[in-house]
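Please walk through this structure from its overall fold down to single residues. The paragraphs below take the fold first, then the aromatic side chains, then the backbone and a few chosen positions.

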Amino acid sequence: MKYKDYFDEEEWLTIQYALMWVFRGVAGADGKIDKEEQLALTKVIKSHPNIDNPFIKEVFKTLEANPGIIFRQSINDHRDYRKGLDETAAILDSKVSMEIALNFKKVLTAAGIFVANSSGEMTGSKISEEEVEQLSKLAFHLKISMEELRQEPTIDQILKYFVK
């Protein structure tokens with residue numbers, strides 16, 4: 001049985017849109033989404049073979065099949081990223097184990113960091129102040145604490161999935 005079978009259609013779309021909301025929130029924080037950020041999103045989606053978690057693997061595989069369509073649908077969705085990520089957290093917390101929910105939230109957070117690091121100034125940190133602020137808001141709406149982010153797998157461990 002697939003994880004998708006545990007969700008209704010609207011819930012599954014919300015789960016899929018979550019990565020797109022994170023991407024748009026971080027990549028658009030400075031007012032423009034550039035090619036490096038788009039490439040980073042593609043790398044995140046295509047990282048599913050490197051991820052041990054079957055739920056995350058399944059979500060990313062479904063995103064890989066039609067990323068452009070899902071991205072456009074997420075833009076046309078009536079929810080902004082705050083409401084969408086609040087709903088994503090609630091769906092995850094009610095439908096899957098605490099461990100699976102937390103790992104998916106951490107992967108979304110790591111994806112935001114990966115996208116933020118993909119472009120920017122050549123010297124110093126590539127993450128702008130706007131992106132740092134946005135990442136903090138995204139983690140808040142995903143209902144994930146700093147303590148949870150420090151647990152294994154850590155964000156640094158997850159980021160390695162995206163660059164293999």
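A helix here is a DSSP run of H or I that is at least four residues long, and helices are numbered from the N terminus. With that convention, isoleucine 75 belongs to helix H4. The model is a predicted one, and every value below was computed from it.

The protein holds nine helices and zero strands. Along the sequence the pattern therefore reads α-α-α-α-α-α-α-α-α, since helices and strands are the elements counted. The radius of gyration is 15 Å, which agrees with the value near 15 Å that a compact globule of 164 residues would have. Along the principal axes, the C-alpha atoms fill a box of roughly 50 × 35 × 30 Å.

Of the 164 residues, 48% count as buried. Among contacts with a separation of 6 or more, 76% are between residues 24 or more positions apart. The accessible surface is about 8700 Å², and carbon and sulfur atoms account for 53% of that area. As for charge, there are 22 positive and 27 negative charges, and the mean positions of the two sets lie 4 Å apart.

The aromatic side chains come next. Searching the whole structure gives nine aromatic pairs. One of them joins phenylalanine 7 and phenylalanine 55, with ring centres 6.0 Å apart and 35 degrees between the planes. This pair is classed as tilted because its angle falls neither under 30 degrees, as in stacked pairs, nor over 60, as in edge-to-face pairs. It links distant parts of the chain: phenylalanine 7 sits in the segment before helix H1 (9-27), phenylalanine 55 is in helix H3 (residues 54-65), and 48 residues separate them. Phenylalanine 7 counts as buried because its relative accessibility is 8%, and phenylalanine 55, at 0%, counts as buried too.

Phenylalanine 23 and phenylalanine 71 make another aromatic pair, this one edge-to-face, with 6.0 Å centre to centre and 70 degrees between the planes. Here too the pair links distant parts of the chain, with phenylalanine 23 in helix H1 and phenylalanine 71 in helix H4 (residues 67-76), 48 residues apart. With a relative accessibility of 4%, phenylalanine 23 is buried.

Which residues form one aromatic cluster? They are Tyr3, Tyr6, Phe7, Trp12, Phe55 and Phe104. Phe7 and Phe55 of the tilted pair are thus both members of this cluster.

Phe104 also appears among the contacts of phenylalanine 60, a residue of helix H3. Buried or exposed, where does phenylalanine 60 fall? It is buried, because its relative accessible area is 0%. Leaving aside residues up to four places away in sequence, phenylalanine 60 touches Leu19, Val44, Ile45, Ser47, His48, Ile51, Phe104 and Val107. Histidine 141, 81 residues from phenylalanine 60 in sequence, is 21 Å from it, C-alpha to C-alpha.

Isoleucine 113 is located in helix H6 (residues 98-116). Its relative accessible area is 19%, so it is buried, the cut-off for that class being under 20%. Beyond residues up to four places away in sequence, isoleucine 113 touches Ile127, Leu135, Ile155 and Leu159. The C-alpha atoms of isoleucine 113 and aspartate 156 are separated by 9.9 Å, though the two are 43 residues apart along the chain.

Isoleucine 75, already placed in helix H4, counts as partly exposed because its relative accessibility is 43%. Its C-alpha atom is 8.5 Å from that of methionine 20, a residue 55 positions away in sequence.

Two backbone features remain. Most residues other than glycine have a negative phi, and most peptide bonds are trans. Lysine 143, however, has a positive phi, near 60 degrees. This lysine is in the loop between helix H7 (129-141) and H8, and it is partly exposed, with a relative accessible area of 46%. The other feature is a cis peptide bond between glutamate 152 and proline 153, with omega about -5 degrees. Proline 153 belongs to the loop between helix H8 (146-150) and helix H9 (155-161).

Notes:
Residues numbered from 1 in each chain as written. Predicted model: local features only at pLDDT ≥ 70, side-chain atom pairs only at ≥ 80, totals over all residues. Heavy atoms only, no water. Helix = DSSP H or I, 4+ residues; strand = E, 2+ residues; numbered from the N terminus. Rg over C-alpha atoms; globule rule 2.2 N^0.38 Å. Buried < 20%, exposed > 50% of the residue type's maximum accessible area, 1.4 Å probe, protein only. Contact = heavy atoms within 4.5 Å. Areas by Shrake-Rupley, 256 points an atom, 1.4 Å probe, with all protein chains shown as cover. Lys, Arg positive; Asp, Glu negative; His and termini not counted. Charge placed at Lys NZ, Arg CZ, Asp CG, Glu CD. Phe/Tyr/Trp six-rings, centres within 6.5 Å; stacked < 30°, edge-to-face > 60°.
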